[in-house]
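Let's take a walk through this one together. Have the sequence and the 3D view open, and follow along as we go from the DNA to the protein chains.

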2 protein chains.
Amino acid sequence: MSSVAKIALPLREASLTRIARWCHALSDETRLQIIDRLSAGEQCVCDLTDLLETGQSRLSFHLKTLKDAGILKDRREGRWVYYSLNPEAVEEMEQFVGGLKVCCQRLRKGTRCCD
Amino acid sequence: MSSVAKIALPLREASLTRIARWCHALSDETRLQIIDRLSAGEQCVCDLTDLLETGQSRLSFHLKTLKDAGILKDRREGRWVYYSLNPEAVEEMEQFVGGLKVCCQRLRKGTRCCD
DNA sequence: TTGACATATCAAAAAAAATTGATATATAAG
DNA sequence: CTTATATATCAATTTTTTTTGATATGTCAA
């Protein structure tokens, strides 16, 4: 069993805030490109800089945004810093969106859900 | 089979843009509250106004934001307008997040994915 | 047709987020 | 100890988003 918090509908105040943060973090194309890269595995900042052809402080800003939202983890190794997806956050997001999907399916069948 | 577009990693340009729009739409607590309400089924604007205790034009703005992102559908019935979740958008989001989850699982096992 | 109600749109102001360039910090190499 | 490299942080500016109040539109009822 994981220690990940449950995200269930109807949403509690705290979940609302957390989901809003994730979604804000994912609402920018540059940050989604970063996610896309990291979905293939951990990368160091220098590799991402090359890949995304962006200024250093700008990339740093977006990485921080993702990290603060809990979506990325980082790890220093000598002079380099490596970023990777945080599986716990991804798991929680999956729960939220999965819950919505179930609601939609029930609604299609005419059954009510979630209260 | 549904006609919903496939959202797969690595992301294509068009998918990036679409996901960024969804996530932006979901990045606000008021809008998430709306989603939360609608997860229990279609609601008219007047009910949402009561529920969310917010000004009319503000609610209208947020509903439009969600609708423009494709997350909500609307339907007029006489003087009232009813909003509901758009199952296709929810399905697509689910694919995206589900794909990320699979990547994370593979990464945990040391297998690479997505390229 | 007039008035009332539900909702949308618009324009101005306020607030929040992103970009940029400069500087700081940390580590390693010489 | 000095220098070079990788990355983070900061402050100023620009851009984007949100809020607010006023007005417009569409529908029904009298």
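Start with what the protein touches on DNA strand D in this predicted model. Of the strand D atoms within 4 Å of the protein, 68% belong to sugar or phosphate, and the rest belong to bases. Around that strand you'll find 19 residues, and the closest are A:Cys46, A:Gln56, A:Tyr83, B:Arg31 and B:His62.

Now zoom in on a few individual contacts. The side chain of B:Arg31 puts an N or O atom 2.9 Å from a phosphate oxygen of DNA strand D. With A:Val81, the backbone does the job: one of its N or O atoms lies 3.3 Å from a phosphate oxygen of DNA strand D. B:Ser57 goes for a base instead, with a side-chain N or O atom 3.2 Å from a base oxygen of DNA strand D.

Which parts of the fold supply the surface near DNA strand D? Chain A brings helix H3 (45-52), helix H4 (56-68) and strand S3 (80-85), while chain B brings helix H4 (56-68), and each of these supplies at least two residues. By character, the residues of that surface split into 6 nonpolar, 7 polar and 6 charged.

Next, swing over to DNA strand C. It has 19 residues around it, and those that come nearest are A:Ser57, A:His62, B:Cys46, B:Gln56 and B:Tyr83. Of the strand C atoms that come within 4 Å of the protein, sugar and phosphate make up 67%.

Here, too, you can pick out contacts to phosphate. A:Arg31 has a polar side-chain atom 2.9 Å from a phosphate oxygen of DNA strand C. From the backbone, an N or O atom of B:Val81 sits 3.3 Å from a phosphate oxygen of DNA strand C, and one of B:Val45 sits 3.5 Å from a phosphate oxygen of that strand. The elements giving two or more residues to this surface are H4 of chain A, plus helix H3 (45-52), H4 and strand S3 (80-85) of chain B. The surface near DNA strand C divides into 6 nonpolar, 7 polar and 6 charged residues.

Finally, how are the two protein chains related? Turn chain B by 180°, with 0.0 Å of shift along the axis, and it superposes on chain A with an RMSD of 0.1 Å. That's the relation of a two-fold axis. To find the axis from chain B, look for B:Cys23: its C-alpha is the nearest in that chain, 2.4 Å away. Both copies use the same surface, as 100% of the contact residues of chain B recur in chain A.

Methods
Residues numbered from 1 in each chain as written. Chains lettered and ligands numbered in written order. Predicted model: local features only at pLDDT ≥ 70, side-chain atom pairs only at ≥ 80, totals over all residues. Heavy atoms only, no water. Near = heavy atom within 4 Å. Polar contact = N/O pair within 3.5 Å; in protein donor to acceptor, adjacent residues only side chain to side chain. Helix = DSSP H or I, 4+ residues; strand = E, 2+ residues; numbered from the N terminus. Nonpolar A, V, L, I, M, F, W, Y, C, P; charged D, E, K, R; others polar. Least-squares fit on C-alpha atoms with pLDDT ≥ 70 in both. Contact = heavy atoms within 4.5 Å.
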